Amino acid sequence: MPKAKSNTTKSRLNIQKTYKIYIGGKFPRTESGRYYKLKSADGDLLGNICLSSRKDFRNAVGAARGAFKGWSGKSAFNRSQILYRLGEMLEGRSAQFKEELVIQGATPKQAQAEVASSIDRLIYYAGWADKYQQVFSSVNPVASSHFNFTILEPTGVVAILAPEKSSLLGLVSVIAVTIAGGNTCVVLAAESAPLSAVTFSEVIHSSDVPGGVVNILTGRRKELLSQFTMHMDVNAIVYSDNDTETISKIKRDSTSNVKRAIIYKGMDWSSAAAESPYFISDVQETKTTWHPIGK
Amino acid sequence: MAKQLVKKKKKSAGNGAAIDSALDFNSGWSYSPAPESTDHIEIKDKYGLFINGKFVRPSKGKYFATINPANEKKLAMVAEASEEDVDKAVKAARKAYNNVWSRMPAKERGKYIYRIARIMQERAREFAVIETLDGGKTIREARDVDVPLAAAHFFYYAGWADKLEYAFPGKSPQALGVAGQIIPWNFPLLMMAWKIAPALACGNTVVIKSAETTPLTSLKLAEVIQEAGLPDGVVNIITGAGATGAAIVNHPDINKIAFTGSTAVGKIIQSAIAGTDKKVTLELGGKAANIILDDAPIDQAVEGIINGIYFNQGHVCCAGSRLFVQEDVADIVVRKLKDRMESLIVGDPMDKNTDIGAINSKEQLNTINKYIKIGKSEGASFYQSSCELPSGKGFWCRPTLFLNVSQSHRIAQEEIFGPVLAVQTFRTVEEVLEKANNTPYGLSAGVWSDKGAKIFNMTNKLRAGVIWANTYNKFDPSSPFGGYKESGFGREGGLHGLSAYLKI
């Protein structure tokens, strides 16, 4: 289906898919009007992919910030249900995701496993959405006559450079932990394999995730990196590939507004270590509240 | 007495008379001086660096003076650690980590930390006096807040040493190695405790630098550490200024940097270690909103405002430096606030009656005065209490507030770190939340109301790491402290404070 080649063996002409970006619950083309050609290993054209601009990124951050209040204000149970719904939707479209992974270079077996793990991961974090708070919160036995407790709160708007290596499972993992905890995000899809991200935005769109909570861009990492790292209204940035220069740049640029730089260097998203509530807590802030206890 | 005065004023308010009278403690009766004795205190003329369990000469032979900010007299000469000294300290810490501290059973590690806590308690008075002499804070505060909290911090974390796996379900946390720590001058001893206690409990060894203007209690703590028999090199305490701090930050054999100080310096540190694997936690500046709703218990709230901004001369990163008062109670709150300010005694920090001690340094006094000038020139209404300041030397500032402040004023945006309050008013809860959160900082906030539901609505929506409801500036070793946004990341205190010093 995503193949751009016209198939002359069939009697009807295929409808080719236009791959768009996803901002604020809508599917615009990039404002820049630019694109890059995504080709398969055999050199076949798979599609024209939007080359998002910094304006697209700024729009996406605006959408994410706008959606933050509503999303972080939803009950944990509600967020949990919406994540579960994401899993359901992904399951329903698993054939399409498998096919896209295969044309982007995976073997059918690998694709099958990655899609299955991605669905399971969503269900896993759907379960955590209304539980991590209990695991990580505390009531603190202060010496004075005060009721004192500590809870987690979402960090805010999270910029995510989706893993280049694990274009579906990695993507799903970093998005799930971010939104499970009430954050909103702007994601840059894997440059070499963006199809899963684009299709996943359609899954998000049909899963009761409010517009703006997840925004997905495609484009050149090199071109957009500084936008991601320097934007003053982004609270955290997540990166999980191996490039040490990029890691240094992220950490250095994060000083602009003391962003939380969350680096999962070389993470294997299919490993057992890639699944834990600690990933949720990485994009959370810790709030302590004091109140006097009267007599 | 005070109550009667307040009553009288209420009456005159009813008559529509101008209310200029204040609680005047100087006419009729006054406080006799009640100075704390310094007889039993021993301060040496000269201090070396505490490296590998011993006080040693700095390699370049350089020393600098630390003065008493209340009289500008020299208290002692203190060593300036060079890069070479920092390297020596890191090597000592690494050796102690490899050979002793990481091999010691956690239970034993905990017992050493308990020992430090106990000795600090025994020597509490000495610590309080020296803290006051060196930093200018009031003896009452040093005695009742800084020193007991510092000892309590060691007590609290000592007990964690052999229980770390309970703090992180599903994980087996490991020490990081050598921690490099840099602390500020506003709570010298307490910050030592906040840094050293969790680092040791988690199995790390430490190189720590105290602030340039307040090194003495850190060196006294070195004596305590010797007395406790802590293995050599586990804690290394060095003194110096910015260059010494930079040498710690840039040392390649340090695994963790913990910094408390200004946001500007925090950003430099974050940037300097960007290309390394050093773990970092930053506790940076703040510009906290202290919010008084119209149903607040007004008298308690006024006390909370005073404590929020004038505690420790306002040298507090979480100070309630932006006051937001709901419009219909603004007049009475400001009137009572001015009255209460008038009763504050600014003077000799060693006097037990003193409420506001000396500003920590000439430099800081200049900064505060600069902001007072800015506040005036930006058009806010300036008000200071009429209290007498000590004659002669020392650095002093009267409790100050500005009315008619707007969000765009620099005194409402930038951290002043002094006894200067910027007052704004608001009508609705939505409005004040918007204003309170409209700052790059997010360290702390205060809310005053008698309605529980209202309080929790606001504490939930304020974007800050520590929220005090109907109280302010309270601290406890079991209570995590730290900021959102540009106020830094990582927590100190409580279970959450452990993760700063562990591989999880």
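**Reading a two-chain predicted model**

Me: How does one judge how far along the sequence the contacts of chain B reach?

Reply: Take contacts in chain B between residues at least 6 apart in sequence; 72% of them join residues at least 24 apart. Keep in mind that this is a predicted model.

Me: How many helices and strands does chain B have?

Reply: Chain B holds 15 helices and 20 strands. Its radius of gyration is 23 Å, close to the 23 Å from the globule rule for 504 residues, so chain B is as compact as a globular protein of that length. The C-alpha trace of chain B spans about 80 × 50 × 40 Å along its principal axes.

Me: What percentage of chain B is buried?

Reply: Burial is a matter of counting neighbours: 20 or more other C-beta atoms within 10 Å makes a residue buried. In chain B, 58% of the 504 residues are buried.

Me: Which residues have the most contacts inside the largest nonpolar core?

Reply: I113(B) and F154(B), in a core of 94 residues. Helix 6 of chain B, residues 188-201, gives the most to this core: eleven residues. A second core is separate, has 85 residues and includes A176(A), A197(A), I204(A) and W269(A).

Me: Which residues does I113(B) touch, leaving out those up to four places away in sequence?

Reply: I113(B) touches F154(B), Y157(B), A158(B) and A161(B). It also touches A197(B), L200(B) and A201(B).

Me: Back to helix 6 of chain B. How far does it reach from its first C-alpha to its last?

Reply: Compare the span with the expected rise of 1.5 Å a residue. Helix 6 of chain B has 14 residues and reaches 20 Å, close to the 20 Å expected. As for burial, 14 of its 14 residues are buried, so helix 6 of chain B is largely enclosed by the rest of the structure. After the helix comes G203(B), with a positive phi near 95°.

Me: Strands have two faces. Which residues of strand 11 of chain B lie on each side?

Reply: K279(B), T281(B) and E283(B) are on one side, V280(B) and L282(B) on the other, and all are buried. Five of the five residues of this strand, 279-283, are buried, so strand 11 of chain B is largely enclosed by the rest of the structure.

Me: Which strand does strand 10 of chain B join, and how many bridges are there?

Reply: Look for the bridges, then the direction. Strand 10 of chain B, residues 256-260, is joined to strand 11 of chain B by five bridges, and the two run parallel. One pair to find is T260(B) with its bridge partner E283(B) in strand 11 of chain B.

Me: Now the interface. How many residues of chain A are in contact with chain B?

Reply: Count each side separately. Chain A has 28 residues in contact with 33 residues of chain B. Strand 4 (146-154), helix 9 (244-253) and strand 10 (284-292) of chain A each supply at least two residues to chain A's side. Strand 10 of chain A gives the largest share, eight residues. By class, chain A's side has eight nonpolar, 15 polar and five charged residues.

Me: Which strand of chain B is joined to strand 10 of chain A?

Reply: Strand 18 of chain B, residues 466-469; three bridges join the two, which run parallel. T288(A) stands opposite V466(B) in strand 18 of chain B.

Me: Last one. Where is L45(A)?

Reply: L45(A) lies in strand 2 of chain A, residues 45-50. L45(A) is partly exposed, with 13 other C-beta atoms within 10 Å. Its C-alpha is separated by 28 Å from that of V214(A), 169 residues apart along the chain.

Definitions and conventions:
Residues numbered from 1 in each chain as written. Chains lettered and ligands numbered in written order. Predicted model: local features only at pLDDT ≥ 70, side-chain atom pairs only at ≥ 80, totals over all residues. Helix = DSSP H or I, 4+ residues; strand = E, 2+ residues; numbered from the N terminus. Rg over C-alpha atoms; globule rule 2.2 N^0.38 Å. Buried ≥ 20, exposed ≤ 12 C-beta atoms within 10 Å, placed from the backbone. Contact = placed C-beta atoms within 7 Å. Core = buried A, V, L, I, M, F, W, Y, C linked by C-beta atoms within 7 Å. Expected span 1.5 Å × (residues − 1). Nonpolar A, V, L, I, M, F, W, Y, C, P; charged D, E, K, R; others polar. Pairing = 2+ DSSP bridges.
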